[in-house]
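Q: Please take a close look at one part of this model, the interior where the ligands and the nonpolar core are found. What surrounds each ligand, and which residues make up the core?

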Amino acid sequence: MPHTIVTETCEGIADCVDACPVACIHPGPGKNGKGTDWYWIDFATCIDCGICFQVCPVEGAIVQEERPDLQKTP
Ligand code: SF4
Ligand code: SF4
């Protein structure tokens with residue numbers, strides 16, 4: 001099952017972007033409710049490796065399941 005970036009928890013640090021082996025983490029437009037940049041995971045491409053979850057420094061920004069209700073997907 002793909003991972004999910006919680007749009008309103010992500011702080012746009014982007015450690016996950018370079019770590020993803022299939023380059024499926026993309027910048028979202030504008031800012032989130034915290035006023036920071038935010039990223040989203042392409043569920044169709046994610047291979048569920050868990051690396052993004054391991055490298056993200058923000059508690060709760062990535063959840064290890066597909067949660068389209070938590071992640072904005074442009
Ligand atoms: S999910 Fe985590 S590592 Fe990725 S951009 Fe958001 S805060 Fe940064
Ligand atoms: S679980 Fe792996 S493939 Fe999926 S977004 Fe995270 S780093 Fe990329």
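A: What follows goes through the ligands, then the core, then one residue for contrast.

The model is predicted. Ligand 1 sits in the largest cavity. Its shell holds 13 residues, and Cys10, Ile13, Ala14, Cys16 and Cys56 are the closest of them. By type, the shell around ligand 1 consists of 10 nonpolar residues, one polar and two charged.

Ligand 2 sits in the second largest cavity. Around ligand 2 there are 13 residues, the closest being Cys20, Cys46, Cys49, Gly50 and Cys52. This shell divides into 10 nonpolar residues, two polar and one charged.

Two of these cysteines come up again in the core. The largest nonpolar core has 14 residues, and Cys16 and Cys52 are among those with the most contacts inside it, together with Ile5, Ile25 and Ile41. Strand 3 (residues 39-41) supplies the largest share of this core, three residues. Ile41 belongs to that strand. Setting aside neighbours within four places in sequence, Ile41 is in contact with His3, Thr4, Ile5, Cys24, Ile25, Cys46, Cys52 and Gln71. Of these partners, Cys46 and Cys52 are also among the closest residues to ligand 2.

Gln54 gives the contrast. This residue lies in helix 2 (residues 51-55), as does Cys52. Gln54 counts as exposed because its relative accessible area is 65%, and the cut-off for exposed is over 50%. The C-alpha atoms of Gln54 and His26 are separated by 18 Å, with the two positions 28 residues apart along the chain counted as their spacing.

Conventions
Residues are numbered from 1 along each chain as its sequence is written. Chains are lettered from A and ligands numbered from 1 in the order in which they are written. This is a predicted model: local features need pLDDT of at least 70, side-chain atom pairs count only at pLDDT 80 or more; totals for chains, interfaces and linings use all residues. Side-chain values use heavy atoms; hydrogens and water are left out. A residue is near a molecule or strand if one of its heavy atoms lies within 4 Å of it. On a 1 Å grid over the protein atoms alone, a cavity is a set of points where a 1.4 Å probe fits but cannot get out, and a pocket is an open set with protein on both sides within 12 Å along at least five of seven lines; lining residues have an atom within 4 Å of a point. A molecule sits in a cavity or pocket if more than half of its atoms lie within 2 Å of its grid points. Ala, Val, Leu, Ile, Met, Phe, Trp, Tyr, Cys and Pro count as nonpolar, Asp, Glu, Lys and Arg as charged, and the others, Gly among them, as polar. A nonpolar core is a set of buried Ala, Val, Leu, Ile, Met, Phe, Trp, Tyr and Cys residues joined through side-chain atoms within 4.5 Å. Buried means under 20% relative accessible area, exposed over 50%, partly exposed in between (1.4 Å probe, protein chains only). Helices (H or I, at least four residues) and strands (E, at least two) are DSSP runs, numbered from the N terminus. Contact means heavy atoms within 4.5 Å.
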